[in-house]
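Grab a pencil and your favourite viewer. Here are a few exercises to work through with the model open beside you.

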Amino acid sequence: MRRIWIAAAVLLLAGCGVEPSGVTDGGPAPTGVAPGPTLYFVDGGELRATVRDTGRLGTIAEALSLLLSGPGDADLDTEIAPTAFAKVEVTVTGQEVELRVPLSTEEVTPLGIDQIVCTALAAHVQNGGSTEATVRLRFTLEEPGSRDPRTCPLL
Amino acid sequence: MTRFPLRGLRARMIVAFALATMIGAGAASWAGAESASDALVESHQRQLTRTLAEQIAAIAPTLTYPPDQAVLDRLRAAVGPDTTVSFEDLRSSDGADRATAELRGAVRERDRIATQRITADGRPLLLIGAPVMTTAPDGSRTPSGIEVYAARDLGEVEARIDDLAATAIGTAALALPVAGVIALLAAGGVLRPVRELRDTAQRLADGDLDARTPPQGADELAQLTATVNEMAGSLQASMAAMRRMQSDARRFAADVSHELRTPLTTLTAVAEVLADAADRMEETDARESARLAVTEIHRMVRLAEDLMEVSRFDAGTVRPRLEEIDAAEAVRDTLRARGWLDRVELTGPDGIALRAERRRLDVIVANLVGNALRHGAPPVRVRVREAGPEVRIEVADAGPGLPDHVLPHVFDRFYKADDARARTPGSGLGLAIALENARLHGGGLTAGNGDDGGARFVLRLPKEAP
Amino acid sequence: MAAILLIEDDPLVRRGLQLALGRHGHEVEAAATGEDGVAAFDAAPPQLVVLDLMLPGIDGFTVCRRIRARGTVPIIMLTARGDDFDIVGGLEAGADDYIVKPVQPTVLDARIRAVLRRGGTGPDGVREFRGLRVDTVSLTVSLDGAPVALTATELRLLLTLSGSPGRVFSRRQLLEAVWEHDYLGDSRLVDNCVQRLRAKIETDGADPVYVQTVRGFGYRFGPV
């Protein structure tokens with residue numbers, strides 16, 4: 001009989017409140033800090049990644065703005081026509097990053113498109129996005145197939 | 001169990017059953033509450049962790065890297081109170097840094113968010129440790145060196161868990177009356193056969209040997225029931241055998257005494273002739289023999305009569321023929337008829353009415369007084385008095401009284417106190433018949449010794465015999 | 001002294017009683033069966049019959065009734081048992097008295113004499129009560145002029161009661177006066193005899209005029 005009482009008491013006490021616990025996993029760590037965004041320019045006809053030292057990673061749009069504004073004084077080329085309005089609209093939907101670039105298809109070479117896609121994906125990944133993501137480009141003047149999902153050949 | 005005043009099997013069963021039900025219901029609702037509260041804590045923790053991760057992720061791209069103190073402060077402010085942000089030697093703290101070494105170790109080792117629940121100042125806290133990572137464009141991650149440690153209050157969750165527990169207790173408590181009722185019914189079901197068996201045993205003890213309990217099922221109780229039935233059966237059989245033997249013996253005694261009557265009638269008839277003739281006999285041996293024969297005939301007649309009387313009592317066919325008589329006068333008649341009036345002191349008022357059979361009262365009184373005169377010493381006193389609804393007739397003598405070893409046997413048939421008395425004129429049935437006669441009237445007869453040491457018999461007769 | 005018919009089946013008992021009663025001066029005729037007894041009775045009517053109830057052939061009760069049908073001869077029955085059944089049955093069959101075996105000859109003799117003893121009445125002669133006429137000299141009774149045949153016991157009972165009209169006699173007093181029993185006499189003798197007497201002299205047995213019951217005490221004659 002006494003044992004039953006004790007068992008009941010133990011059972012009652014055991015369930016009370018929130019008890020301390022050991023260390024448990026809380027999921028993936030946040031990310032997003034970096035000395036600067038990675039921009040892709042062309043060097044001798046090939047894509048090349050450079051880190052623009054802005055002191056912070058910034059957003060995809062910011063990285064693309066920097067890309068559109070050209071390689072600056074660095075010894076690199078870009079195959080994207082210069083544009084006065086270097087603002088890109090970025091919409092991330094799941095695994096897809098949609099970019100509205102202020103350019104027509106004619107103002108960008110295929111390599112130039114890769115520059116945009118790779119820079120956007122790099123910023124997306126560095127901001128914690130998925131490495132499997134694809135990019136859909138929306139030009140001011142589109143061509144058939146210009147909206148197809150694209151991936152970066154380097155990544 | 002001895003500590004509790006629960007002696008009855010029924011009470012114990014009910015308590016045990018109710019307790020078991022209570023514990024069962026309690027355990028069930030408690031387990032429910034437990035898993036619910038686990039889920040609650042879990043989801044709350046996940047939410048807090050995700051919020052923190054989102055807050056950090058939201059601000060991280062805007063942070064200058066490597067950060068200076070101002071950057072750390074900004075990050076800390078973005079995450080909220082009770083947060084410590086560190087980067088190498090720099091740290092920004094708001095409130096106490098409660099992060100345990102264990103948590104820090106896990107954060108650095110795994111490069112993932114780690115959580116731990118602790119209790120501080122009596123309150124439950126969730127510690128979240130989050131390393132801020134730097135991700136390369138190819139997705140590979142490296143720790144940036146920035147670590148965020150935040151403490152989040154779980155008090156609100158605890159309150160909700162307490163609510164759940166209270167509900168569980170309430171549910172279990174609600175089960176109590178239900179459990180009680182079920183226990184009552186179940187105990188009744190289990191105890192009914194026990195009660196039936198007890199009733200049967202009681203009836204057996206009271207002499208109803210036909211009592212049986214039909215065994216039900218095949219449990220220990222059924223076996224016990226079968227055993228009790230068996231026992232009752234063999235008891236009944238041996239009782240029947242004993243009764244048969246007893247009644248055979250009684251019938252034999254009745255038959256013997258009855259058969260003796262016919263020759264005794266002849267003997268009695270001729271005894272007188274013989275007695276007259278004996279007086280005129282010349283030869284002394286023949287004369288003495290004839291006298292002995294006459295004496296013994298009278299004794300045999302008396303013995304046969306007493307035996308028949310006893311047989312009638314045994315057969316249970318005796319009914320008293322009651323009439324209204326005056327107790328003292330009836331006693332006086334008995335004494336007078338036997339010529340004892342001058343040898344016995346009779347005290348007692350006339351006018352004590354008694355319903356009894358005159359002849360049987362005479363038999364009793366004559367026997368008691370006769371015994372006193374024969375075995376006791378004078379004076380023999382007979383006292384008649386009224387005692388409530390009874391009449392008491394007390395016969396006492398001044399002799400040595402009845403020895404202790406004799407007292408329990410004085411009313412036994414053919415009991416002789418000692419061999420020296422073996423050849424007394426009595427049949428050895430006198431007191432047994434006297435007792436039977438007293439009982440026939442719904443009264444009693446007791447033997448004892450008076451204060452002065454003499455034997456004292458007290459006859460009690462109800463004034464209104466049943 | 002008296003001519004007695006003894007009906008008893010056991011030869012030794014019969015002979016023993018014959019011897020004993022003979023010594024008391026009685027002339028005893030003995031019969032072994034009921035049939036023989038009734039035949040002997042018819043051949044030579046005795047003054048009194050001593051009848052054993054346990055008889056082979058026709059039993060004592062039947063014999064008792066047959067003898068009673070022939071007249072008012074007193075009958076004393078012998079019973080081997082003290083059983084109430086025998087006693088009551090014998091009295092209802094018309095016996096005047098009963099004795100339980102084994103019987104002392106002196107006791108039997110006393111009963112015989114008591115039954116035979118008659119009268120004891122004064123010289124007053126005739127008592128008349130409405131239609132009932134009791135002649136204490138000739139010892140005859142008539143009701144409304146018709147003679148009534150009473151047994152000796154019935155007659156003695158009537159004489160005793162009518163000797164003191166209105167006086168209450170207890171059963172015990174009647175037993176001593178009529179049957180000459182001692183104080184332990186059987187009161188059923190009285191009750192039974194009263195019933196027989198009423199049957200003979202009362203017009204309505206349920207509402208007797210002459211022999212009246214005083215509940216709890218006994219009987220009384222009248223008041224007429």
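The exercises below go through chain contacts and then a sheet, each with a worked solution.

A quick note on conventions: residues are numbered from 1 along each chain as its sequence is written, and chains are lettered from A and ligands numbered from 1 in the order in which they are written. This is a predicted model, where local features need pLDDT of at least 70, side-chain atom pairs count only at pLDDT 80 or more, and totals for chains, interfaces and linings use all residues.

**Exercise 1.** Work out which elements of chain A supply the side that touches chain B.

*Solution.* Start with the head count: 38 residues of chain A meet 49 residues of chain B, with contact meaning C-beta atoms, placed from the backbone, within 7 Å. Next, assign elements, taking helices (H or I, at least four residues) and strands (E, at least two) as DSSP runs numbered from the N terminus. On chain A, α1 (2-14), β1 (23-28) and α3 (110-126) each give at least two residues. β1(A) has the largest share, with six residues. Finally, sort that side by type: 19 nonpolar, 17 polar and two charged. Here Ala, Val, Leu, Ile, Met, Phe, Trp, Tyr, Cys and Pro count as nonpolar, Asp, Glu, Lys and Arg as charged, and the others, Gly among them, as polar.

**Exercise 2.** Find the strand of chain B that β1(A) joins, and say how they run.

*Solution.* Look for pairing, which takes at least two DSSP bridges between two strands. β1(A) has four bridges to β3(B) (residues 112-120), and the two run antiparallel. To fix the register, put Pro28(A) opposite Arg112(B).

**Exercise 3.** Describe the side of chain B that touches chain C.

*Solution.* Count first: 19 residues of chain B contact 20 of chain C. Then pick out the main supplier, α5(B), whose 11 residues are the largest share of chain B's side. By type, that side holds six nonpolar, five polar and eight charged residues.

**Exercise 4.** Trace the five-stranded sheet of chain B and explain why β7(B) and β11(B) each have a side without a neighbour in the sheet.

*Solution.* Write down the order, β7-β9-β10-β12-β11, an open sheet with mixed pairing. β7 (344-347) and β11 (444-449) of chain B are the edges with a single partner strand each, so one side of each lacks a neighbour in the sheet. Now check one pair: β7(B) and β9(B) (residues 380-387) are parallel over four bridges, with Val344(B) opposite Val380(B). Last, add helix α9 (residues 430-440) of chain B, which packs on the sheet and touches β11 and β12 (455-462) of chain B.

Conventions. Contact = placed C-beta atoms within 7 Å. Axes fitted to C-alpha atoms, helices over the stretch in contact; angles between N-to-C directions.
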